[in-house]
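Open the model in your viewer and keep the sequence beside it. The stops below say what to select next and what is there.

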Amino acid sequence: MNMRGIDHLAVVSDDMPVAMDFYTRVLGFRLVHVRRVPYEQDRWQPPYDNLRHYFFDMGNDSLFAVFEYPKGLPRQQRDHIGGMQHVAFHVPSERFDDMVAHVRSCGIHVVGPVALGGRFWSAYFLDPFGARLELATDRSGARRGVVESVLQTEDEARAELQTLFSDPAEVQKWLGRMPLKSAAAAV
């Protein structure tokens, strides 16, 4: 694979000072770059000229960006096709409860923590603009990376893929592309 991970995610706000306060105070990100973006046609960028586009360090050499759109625009529906459903930030298990407590102490309504099966434990909340955010951790006790923690056995993956594809060859094609854990490792 030629990519290392996320360079940056970009969300939209209509009040940059509120966004700056939320992402630095509540999530502990550090503001690292501020700029304006001129509109250029045919580049798939926002259809507004001279927008603020600020970048925050979210850890592990990855950035979180915020565009400031004009006030009064309709809000995105995260559960519609093409919308961003949520952003999940990984929190090491030993810091998870403290991070959830910190978000709550900032006056933010938090749903969870909830067990989602397997290694998944999550707590959910909204940013001031309605973007759904998640703190995610692995409470299984195993010490492994995020990707490794979600690997499945061939049987587990096959069972789900068979609900999507009726052609066994298509199921096998996708299984052949997936890293899978051995059945012995699943026990």
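How many bridges join β7 to β8, and do these strands run parallel or antiparallel? 3 bridges join β7 to β8, and the two run antiparallel. Helices (H or I, at least four residues) and strands (E, at least two) are DSSP runs, numbered from the N terminus. Two strands count as paired if DSSP finds at least two bridges between them.

Before moving on, note that this is a predicted model, in which local features need pLDDT of at least 70 and side-chain atom pairs count only at pLDDT 80 or more, while totals for chains, interfaces and linings use all residues. Residues are numbered from 1 along each chain as its sequence is written, and side-chain values use heavy atoms, with hydrogens and water left out.

**Stop 1: the first hairpin**

Select β7 (111-115) and β8 (120-126). Within this pair, Val114 stands opposite Ser122 in β8. The two strands form a hairpin with 4 residues between them. In its turn, pick Gly117, which has a positive phi of about 95°.

Now go back into β7 and select Pro113, which has its place in that strand. The peptide bond between Gly112 and Pro113 is cis, with omega about 10°. In general, most peptide bonds are trans.

**Stop 2: the second hairpin**

Keep β8 and add β9 (residues 132-138). β8 and β9 pair in the antiparallel sense over 7 bridges. Leu126 stands opposite Arg132 in β9. These strands also form a hairpin, with 5 residues between them. Gly130 in the turn has a positive phi of about 95°.

**Stop 3: the whole sheet**

Add β6 (87-90) to the selection. β6 and β9 pair in the parallel sense over 4 bridges, and Ala88 stands opposite Glu134 in β9. In general, strands of a sheet pair through backbone hydrogen bonds, either parallel or antiparallel.

What is the order of the strands? The order is β6-β9-β8-β7, in an open sheet of 4 strands with mixed pairing. β6 and β7 stand at the edges with a single partner strand each, so one side of each is left without a neighbour in the sheet. Neighbouring strands of this sheet are turned by 25° against each other on average, direction ignored.

Next select helix α2 (residues 93-105), which packs on the sheet and touches β7, β8 and β9. The direction of α2 makes about 155° with that of β9. Such angles run from 0 to 180 degrees between N-to-C directions, with axes as lines fitted to C-alpha atoms, for helices over the stretch in contact. Contact means heavy atoms within 4.5 Å.

**Stop 4: Ala19**

Select Ala19, which lies in helix α1 (residues 16-26). Is Ala19 buried or exposed? Ala19 is buried, with a relative accessible area of 0%. Here buried means under 20% relative accessible area, exposed over 50% and partly exposed in between (1.4 Å probe, protein chains only).

Which residues does Ala19 contact, leaving aside its neighbours within four places in sequence? They are Ser13, Val66 and Phe129. Add Tyr54 as well: its C-alpha atom is separated from that of Ala19 by 9.6 Å, and the two residues are 35 residues apart along the chain.

**Stop 5: two asparagines**

In general, most residues other than glycine have a negative phi. Select Asn50, in the loop between β3 (36-37) and β4 (51-59). Asn50 has a positive phi of about 65° although it is not a glycine, and is partly exposed at a relative accessible area of 40%.

Then select Asn60, in the loop between β4 and β5 (62-68). Asn60 has a positive phi of about 55°, again without being a glycine. Asn60 is exposed, with a relative accessible area of 75%.

**Stop 6: the whole chain**

Finally, show everything. The secondary structure of the protein chain comes to 6 helices and 9 strands. The C-alpha atoms fill a box of roughly 55 × 45 × 30 Å, taken along the principal axes. Buried residues make up 28% of the 187 residues in the protein chain. Of the contacts with a separation of 6 or more, 52% are between residues 24 or more positions apart.
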